[in-house]
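Here are a few exercises to work through with the model open beside you. Try each task before reading its solution.

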Amino acid sequence: MRHARCRIRRGVTDPRGGFVLVFVVFVLFAISVAGLTGYLLVSSEHELARYSGQGAEALTVARGGLERFAAEQLGVVPDTVSYALGRGIATVTTRKLYTVDPVTDMYYLRSEGTVDDIRTPDAPARRVVGGYAVRRRRPVRLHAAVLITADDIDVTDPGEILGRDQQVSLGCSTGGPPHLTGAIARLGVTEDDPSAVRGNPDYELWPGGWSGIVDSVGVRWDVITDPEFPVDYENTLPDFGALPPDSFPVIRYTGWVSAGFSGRGVLIVDGVFDPTTSFNWDGIVLAGQIDDMVEGFVDGILIAGLEGPNPYASIDFRADVNYHSCYVHAANESLSYLELLPNTVFELN
(Lines give C-alpha, C1' and ligand atoms only; values in the text may rest on other atoms or scores of the structure.)
Protein backbone atom coordinates (compact mmCIF):
# COMPACT_ATOMS: atom_id res chain seq x y z
CA MET A 1 0.00 0.00 0.00
CA ARG A 2 1.42 3.13 -1.17
CA HIS A 3 1.34 5.95 1.34
CA ALA A 4 0.50 9.32 -0.09
CA ARG A 5 3.04 11.96 0.51
CA CYS A 6 1.94 15.10 1.87
CA ARG A 7 3.82 17.90 0.20
CA ILE A 8 4.06 21.14 1.93
CA ARG A 9 4.88 24.09 -0.32
CA ARG A 10 6.90 26.75 1.31
CA GLY A 11 5.97 30.37 0.58
CA VAL A 12 8.23 32.24 -1.78
CA THR A 13 9.05 35.91 -0.99
CA ASP A 14 8.31 38.30 -3.87
CA PRO A 15 11.32 40.55 -4.26
CA ARG A 16 9.02 43.38 -5.40
CA GLY A 17 7.22 43.50 -2.03
CA GLY A 18 9.98 45.46 -0.25
CA PHE A 19 10.08 48.05 -3.02
CA VAL A 20 6.34 48.62 -2.78
CA LEU A 21 6.57 49.10 0.98
CA VAL A 22 9.40 51.60 0.67
CA PHE A 23 7.53 53.41 -2.07
CA VAL A 24 4.38 53.66 0.05
CA VAL A 25 6.37 54.97 3.03
CA PHE A 26 8.09 57.52 0.79
CA VAL A 27 4.78 58.70 -0.65
CA LEU A 28 3.29 59.05 2.82
CA PHE A 29 6.37 60.99 3.92
CA ALA A 30 6.13 63.23 0.87
CA ILE A 31 2.46 63.87 1.55
CA SER A 32 3.28 64.70 5.16
CA VAL A 33 6.05 67.09 4.10
CA ALA A 34 3.79 68.72 1.54
CA GLY A 35 1.02 69.09 4.11
CA LEU A 36 3.41 70.54 6.67
CA THR A 37 4.86 72.90 4.09
CA GLY A 38 1.39 74.03 3.08
CA TYR A 39 0.46 74.56 6.71
CA LEU A 40 3.61 76.57 7.32
CA LEU A 41 2.95 78.68 4.23
CA VAL A 42 -0.65 79.33 5.20
CA SER A 43 0.38 80.00 8.80
CA SER A 44 3.12 82.38 7.68
CA GLU A 45 0.77 84.21 5.37
CA HIS A 46 -1.76 84.43 8.19
CA GLU A 47 0.90 85.80 10.56
CA LEU A 48 2.11 88.28 7.94
CA ALA A 49 -1.45 89.42 7.34
CA ARG A 50 -2.01 89.73 11.08
CA TYR A 51 1.16 91.75 11.61
CA SER A 52 0.36 93.86 8.56
CA GLY A 53 -3.12 94.54 9.95
CA GLN A 54 -1.69 95.45 13.35
CA GLY A 55 0.84 97.73 11.67
CA ALA A 56 -1.93 99.52 9.80
CA GLU A 57 -3.88 99.79 13.06
CA ALA A 58 -0.82 101.19 14.85
CA LEU A 59 -0.41 103.76 12.07
CA THR A 60 -4.05 104.80 12.48
CA VAL A 61 -3.52 105.13 16.23
CA ALA A 62 -0.39 107.25 15.70
CA ARG A 63 -2.14 109.59 13.27
CA GLY A 64 -5.20 109.80 15.50
CA GLY A 65 -3.07 110.71 18.50
CA LEU A 66 -1.28 113.45 16.57
CA GLU A 67 -4.51 115.01 15.29
CA ARG A 68 -6.26 114.73 18.65
CA PHE A 69 -3.38 116.41 20.45
CA ALA A 70 -3.32 119.31 18.01
CA ALA A 71 -7.10 119.69 18.16
CA GLU A 72 -7.49 119.53 21.94
CA GLN A 73 -4.36 121.30 23.14
CA LEU A 74 -5.12 124.48 25.04
CA GLY A 75 -2.71 126.61 27.04
CA VAL A 76 0.76 125.36 27.99
CA VAL A 77 2.12 122.71 25.60
CA PRO A 78 3.10 119.57 27.57
CA ASP A 79 6.24 117.58 26.77
CA THR A 80 4.44 114.22 26.53
CA VAL A 81 0.84 113.04 26.54
CA SER A 82 -0.75 109.63 25.89
CA TYR A 83 -4.18 108.63 24.58
CA ALA A 84 -5.97 105.29 24.55
CA LEU A 85 -7.38 104.93 21.03
CA GLY A 86 -9.21 101.74 20.11
CA ARG A 87 -6.95 98.81 20.96
CA GLY A 88 -3.80 100.93 20.98
CA ILE A 89 -1.94 103.71 22.74
CA ALA A 90 -0.72 106.91 21.08
CA THR A 91 2.15 108.70 22.81
CA VAL A 92 2.73 112.24 21.58
CA THR A 93 5.93 114.15 22.34
CA THR A 94 6.57 117.80 21.51
CA ARG A 95 9.59 119.95 20.86
CA LYS A 96 9.65 123.70 20.36
CA LEU A 97 11.80 124.55 17.36
CA TYR A 98 11.88 128.35 17.35
CA THR A 99 9.89 131.53 17.91
CA VAL A 100 8.35 132.91 14.74
CA ASP A 101 7.18 136.21 16.30
CA PRO A 102 6.03 137.42 19.74
CA VAL A 103 2.73 135.50 19.48
CA THR A 104 3.71 132.46 17.35
CA ASP A 105 5.99 129.47 18.00
CA MET A 106 6.96 126.60 15.71
CA TYR A 107 6.71 123.04 17.12
CA TYR A 108 7.63 119.54 16.01
CA LEU A 109 5.17 116.81 17.08
CA ARG A 110 5.95 113.10 17.16
CA SER A 111 3.27 110.45 17.73
CA GLU A 112 4.03 106.77 18.32
CA GLY A 113 1.15 104.32 18.00
CA THR A 114 1.41 100.86 19.57
CA VAL A 115 -1.02 97.95 19.34
CA ASP A 116 -0.43 94.95 21.64
CA ASP A 117 -1.03 91.29 20.82
CA ILE A 118 -1.66 88.90 23.72
CA ARG A 119 0.35 86.24 21.86
CA THR A 120 3.41 88.51 21.64
CA PRO A 121 3.12 90.96 24.53
CA ASP A 122 6.79 91.90 24.31
CA ALA A 123 6.61 92.85 20.63
CA PRO A 124 3.67 95.20 19.97
CA ALA A 125 3.15 96.65 16.53
CA ARG A 126 4.63 100.17 16.40
CA ARG A 127 4.25 102.98 13.89
CA VAL A 128 5.45 106.56 14.20
CA VAL A 129 4.34 109.75 12.48
CA GLY A 130 5.64 113.29 12.79
CA GLY A 131 4.41 116.72 11.83
CA TYR A 132 4.92 120.44 12.28
CA ALA A 133 2.57 122.84 14.01
CA VAL A 134 2.43 126.50 14.96
CA ARG A 135 1.37 127.56 18.41
CA ARG A 136 -0.87 130.64 18.51
CA ARG A 137 0.28 131.90 21.89
CA ARG A 138 -2.24 134.69 22.38
CA PRO A 139 -5.03 134.09 19.87
CA VAL A 140 -7.51 136.77 20.98
CA ARG A 141 -6.74 139.96 19.07
CA LEU A 142 -7.08 143.00 21.29
CA HIS A 143 -9.25 145.70 19.75
CA ALA A 144 -11.12 147.25 22.66
CA ALA A 145 -11.95 146.91 26.34
CA VAL A 146 -15.54 146.20 25.27
CA LEU A 147 -16.50 144.81 21.86
CA ILE A 148 -20.14 143.84 21.29
CA THR A 149 -21.76 142.92 17.99
CA ALA A 150 -24.79 145.08 18.81
CA ASP A 151 -25.95 148.21 17.03
CA ASP A 152 -25.37 150.44 20.03
CA ILE A 153 -23.74 150.43 23.47
CA ASP A 154 -25.48 152.92 25.76
CA VAL A 155 -23.22 153.64 28.73
CA THR A 156 -25.12 155.22 31.60
CA ASP A 157 -24.22 156.12 35.17
CA PRO A 158 -22.47 154.45 36.98
CA GLY A 159 -21.11 152.50 34.00
CA GLU A 160 -17.53 153.06 32.88
CA ILE A 161 -15.41 151.60 30.08
CA LEU A 162 -11.68 152.30 30.17
CA GLY A 163 -9.41 151.25 27.33
CA ARG A 164 -6.35 152.74 28.99
CA ASP A 165 -4.25 150.18 30.81
CA GLN A 166 -5.14 149.98 34.49
CA GLN A 167 -2.25 147.82 35.61
CA VAL A 168 -0.14 150.03 37.81
CA SER A 169 1.07 147.77 40.61
CA LEU A 170 1.95 144.48 38.93
CA GLY A 171 4.25 145.97 36.33
CA CYS A 172 4.26 142.80 34.26
CA SER A 173 6.88 142.97 31.54
CA THR A 174 4.86 140.69 29.26
CA GLY A 175 1.73 142.80 29.18
CA GLY A 176 -0.15 143.71 26.02
CA PRO A 177 -0.45 147.11 24.38
CA PRO A 178 -0.65 150.02 26.86
CA HIS A 179 -3.95 151.30 25.53
CA LEU A 180 -6.94 149.98 23.62
CA THR A 181 -10.03 151.54 22.14
CA GLY A 182 -12.61 151.97 24.89
CA ALA A 183 -15.66 150.43 23.17
CA ILE A 184 -16.62 149.09 19.76
CA ALA A 185 -20.17 148.54 18.46
CA ARG A 186 -21.61 148.29 14.97
CA LEU A 187 -23.32 151.68 14.66
CA GLY A 188 -22.94 153.73 17.83
CA VAL A 189 -21.54 154.20 21.35
CA THR A 190 -23.44 156.68 23.50
CA GLU A 191 -22.67 157.91 27.01
CA ASP A 192 -24.44 160.14 29.52
CA ASP A 193 -21.14 161.24 31.03
CA PRO A 194 -18.58 162.36 28.43
CA SER A 195 -15.82 160.67 30.45
CA ALA A 196 -17.62 157.34 30.85
CA VAL A 197 -15.84 155.81 27.84
CA ARG A 198 -12.13 156.45 27.51
CA GLY A 199 -9.44 154.84 25.43
CA ASN A 200 -7.24 155.35 22.44
CA PRO A 201 -9.57 156.31 20.78
CA ASP A 202 -12.54 156.43 23.13
CA TYR A 203 -14.73 154.39 20.78
CA GLU A 204 -14.97 153.05 17.25
CA LEU A 205 -17.83 151.98 15.02
CA TRP A 206 -17.64 148.76 13.06
CA PRO A 207 -20.36 148.89 10.43
CA GLY A 208 -21.27 145.80 8.48
CA GLY A 209 -22.19 142.28 9.48
CA TRP A 210 -21.42 140.81 12.88
CA SER A 211 -19.27 138.13 11.24
CA GLY A 212 -16.68 140.73 10.31
CA ILE A 213 -16.24 141.65 13.96
CA VAL A 214 -16.16 138.02 15.07
CA ASP A 215 -13.59 137.06 12.44
CA SER A 216 -11.36 139.95 13.49
CA VAL A 217 -11.23 138.71 17.08
CA GLY A 218 -9.52 135.47 16.12
CA VAL A 219 -11.46 133.28 18.56
CA ARG A 220 -12.30 129.72 17.46
CA TRP A 221 -15.79 130.08 18.87
CA ASP A 222 -17.24 126.92 17.32
CA VAL A 223 -14.32 124.95 18.72
CA ILE A 224 -14.10 126.29 22.28
CA THR A 225 -17.88 125.97 22.77
CA ASP A 226 -18.07 122.39 21.50
CA PRO A 227 -19.04 120.15 24.46
CA GLU A 228 -16.39 117.67 23.33
CA PHE A 229 -13.66 120.29 23.51
CA PRO A 230 -11.90 120.00 26.89
CA VAL A 231 -11.60 123.06 29.13
CA ASP A 232 -10.22 123.37 32.64
CA TYR A 233 -13.64 123.70 34.30
CA GLU A 234 -17.16 123.11 32.99
CA ASN A 235 -20.16 124.88 34.59
CA THR A 236 -18.27 125.27 37.84
CA LEU A 237 -15.55 127.41 39.36
CA PRO A 238 -12.27 126.15 40.78
CA ASP A 239 -11.06 126.89 44.28
CA PHE A 240 -9.00 129.90 43.27
CA GLY A 241 -7.33 129.94 46.67
CA ALA A 242 -5.85 126.52 45.92
CA LEU A 243 -4.50 127.59 42.50
CA PRO A 244 -1.16 129.33 41.98
CA PRO A 245 -1.63 133.10 41.73
CA ASP A 246 -0.39 133.08 38.13
CA SER A 247 -2.95 130.44 37.07
CA PHE A 248 -5.65 131.79 34.77
CA PRO A 249 -7.87 128.79 33.93
CA VAL A 250 -10.38 128.41 31.10
CA ILE A 251 -13.93 128.08 32.45
CA ARG A 252 -17.01 127.41 30.34
CA TYR A 253 -20.66 127.94 31.27
CA THR A 254 -23.63 127.00 29.10
CA GLY A 255 -27.09 128.58 28.84
CA TRP A 256 -28.39 131.75 30.42
CA VAL A 257 -25.68 132.67 32.93
CA SER A 258 -26.72 135.09 35.68
CA ALA A 259 -23.15 135.46 36.78
CA GLY A 260 -22.80 136.46 40.42
CA PHE A 261 -19.35 135.14 41.17
CA SER A 262 -15.73 136.29 41.25
CA GLY A 263 -12.72 134.76 39.58
CA ARG A 264 -9.96 135.07 37.03
CA GLY A 265 -8.94 133.54 33.72
CA VAL A 266 -11.02 133.05 30.58
CA LEU A 267 -14.78 132.93 31.13
CA ILE A 268 -16.61 131.41 28.13
CA VAL A 269 -20.40 131.82 28.16
CA ASP A 270 -21.97 129.58 25.53
CA GLY A 271 -25.32 131.30 25.78
CA VAL A 272 -26.44 134.63 27.27
CA PHE A 273 -24.17 136.50 29.67
CA ASP A 274 -26.17 138.36 32.32
CA PRO A 275 -23.91 139.49 35.21
CA THR A 276 -25.22 140.52 38.63
CA THR A 277 -23.87 143.16 40.99
CA SER A 278 -21.50 140.70 42.68
CA PHE A 279 -19.82 139.65 39.42
CA ASN A 280 -16.10 140.45 39.43
CA TRP A 281 -13.68 139.03 36.88
CA ASP A 282 -9.96 139.42 36.13
CA GLY A 283 -9.06 138.44 32.57
CA ILE A 284 -11.17 137.80 29.47
CA VAL A 285 -14.92 137.30 29.13
CA LEU A 286 -16.17 135.76 25.87
CA ALA A 287 -19.93 135.49 25.44
CA GLY A 288 -22.14 134.17 22.69
CA GLN A 289 -24.83 136.75 23.55
CA ILE A 290 -25.24 139.45 26.19
CA ASP A 291 -28.19 140.85 28.06
CA ASP A 292 -28.20 144.45 29.27
CA MET A 293 -25.06 144.67 31.37
CA VAL A 294 -26.35 146.72 34.26
CA GLU A 295 -24.07 145.35 36.97
CA GLY A 296 -20.68 143.78 37.49
CA PHE A 297 -17.00 144.54 37.10
CA VAL A 298 -14.35 143.25 34.68
CA ASP A 299 -10.64 143.95 35.01
CA GLY A 300 -9.63 142.93 31.49
CA ILE A 301 -11.75 142.83 28.33
CA LEU A 302 -15.29 141.81 27.37
CA ILE A 303 -16.23 140.43 23.94
CA ALA A 304 -19.88 139.49 23.34
CA GLY A 305 -22.10 138.52 20.43
CA LEU A 306 -19.85 135.76 19.11
CA GLU A 307 -22.78 133.46 18.25
CA GLY A 308 -24.40 135.86 15.83
CA PRO A 309 -26.33 139.14 15.83
CA ASN A 310 -27.05 140.01 19.45
CA PRO A 311 -30.76 139.66 20.31
CA TYR A 312 -30.67 143.15 21.83
CA ALA A 313 -29.90 145.84 19.26
CA SER A 314 -28.97 148.34 21.99
CA ILE A 315 -27.10 147.31 25.14
CA ASP A 316 -27.81 149.21 28.34
CA PHE A 317 -24.36 149.28 29.93
CA ARG A 318 -24.03 150.26 33.60
CA ALA A 319 -21.16 147.97 34.59
CA ASP A 320 -17.43 148.68 34.74
CA VAL A 321 -14.89 147.22 32.33
CA ASN A 322 -11.31 148.39 32.71
CA TYR A 323 -8.57 147.09 30.44
CA HIS A 324 -5.78 145.42 32.42
CA SER A 325 -2.89 144.26 30.24
CA CYS A 326 -1.40 141.76 32.74
CA TYR A 327 -4.66 139.92 33.35
CA VAL A 328 -5.55 139.91 29.66
CA HIS A 329 -2.10 138.65 28.70
CA ALA A 330 -2.20 135.79 31.21
CA ALA A 331 -5.75 134.77 30.22
CA ASN A 332 -4.92 134.97 26.53
CA GLU A 333 -1.98 132.61 27.03
CA SER A 334 -4.42 130.09 28.55
CA LEU A 335 -6.28 130.06 25.21
CA SER A 336 -3.17 129.35 23.14
CA TYR A 337 -3.54 126.45 20.72
CA LEU A 338 -1.65 124.41 18.16
CA GLU A 339 -2.42 124.34 14.47
CA LEU A 340 -1.00 121.56 12.31
CA LEU A 341 0.60 122.92 9.16
CA PRO A 342 -0.94 121.43 6.01
CA ASN A 343 0.99 118.72 4.16
CA THR A 344 3.61 118.32 6.90
CA VAL A 345 2.47 115.06 8.54
CA PHE A 346 4.70 112.13 7.52
CA GLU A 347 5.41 108.55 8.53
CA LEU A 348 8.75 107.84 10.22
CA ASN A 349 8.81 104.04 9.97
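Val100 makes a good starting point: this residue is partly exposed, with a relative accessible area of 44%. Keep in mind that the model is predicted.

**Exercise 1. Place Val100 on the surface.**
Find the strand that holds Val100, and work out which nonpolar patch includes this residue.

*Solution.*
- Step 1: Look along strand 2, where Val100 is located.
- Step 2: Check the exposure. Val100 counts as partly exposed because its 44% relative accessible area falls between the cut-offs of 20% and 50%.
- Step 3: Collect the partners. Leu97, Tyr98, Val100 and Tyr132 make a nonpolar surface patch of about 350 Å².
- Step 4: Ask which element gives the largest share of the nonpolar patch. That is strand 2 (residues 88-101), with 3 residues.

**Exercise 2. Describe two cis peptide bonds.**
Give omega for the bond joining Asp157 and Pro158 and for the bond joining Asn200 and Pro201, then locate each proline.

*Solution.*
- Step 1: Between Asp157 and Pro158 the peptide bond is cis, and omega is about 5 degrees.
- Step 2: Pro158 sits in the loop between strand 6 (152-155) and strand 7 (160-162).
- Step 3: Asn200 and Pro201 are also joined by a cis peptide bond, with omega about 0 degrees.
- Step 4: Pro201 belongs to the loop between strand 10 (197-198) and strand 11 (203-205).

**Exercise 3. Examine two asparagines with positive phi.**
For Asn235 and Asn343, report phi, the loop and the exposure.

*Solution.*
- Step 1: Asn235 is a residue other than glycine with a positive phi, near 55 degrees. Its loop runs between strand 12 (233-234) and strand 13 (250-257).
- Step 2: With a relative accessible area of 42%, Asn235 is partly exposed.
- Step 3: For Asn343, phi is near 65 degrees, again a positive value. This residue lies in the loop between strand 19 (337-340) and strand 20 (346-347).
- Step 4: Asn343 counts as exposed because its relative accessibility is 82%, and the cut-off is over 50%.

**Exercise 4. Explore the surroundings of Ile315.**
Is Ile315 buried or exposed, and which residues does Ile315 touch?

*Solution.*
- Step 1: Go to strand 17 (residues 314-317), which contains Ile315.
- Step 2: Ile315 is buried, at 0% relative accessibility.
- Step 3: Leaving out residues up to four places away in sequence, its contacts include Ile148, Ala150, Ile153, Ile290 and Met293. Asp152, Asp154, Asp291 and Asp292 are also among them.
- Step 4: Compare sequence with space: Val155 is 160 residues from Ile315 along the chain, yet their C-alpha atoms are separated by 8.2 Å.

Technical notes:
Residues numbered from 1 in each chain as written. Predicted model: local features only at pLDDT ≥ 70, side-chain atom pairs only at ≥ 80, totals over all residues. Heavy atoms only, no water. Patch = residues over 30% accessible without salt bridge, like charges linked within 9 Å, V, L, I, M, F, W, Y side chains within 5 Å. Areas by Shrake-Rupley, 256 points an atom, 1.4 Å probe, with all protein chains shown as cover. Salt bridge = Lys/Arg side-chain N within 4 Å of Asp/Glu carboxyl O. Helix = DSSP H or I, 4+ residues; strand = E, 2+ residues; numbered from the N terminus. Buried < 20%, exposed > 50% of the residue type's maximum accessible area, 1.4 Å probe, protein only. Contact = heavy atoms within 4.5 Å.
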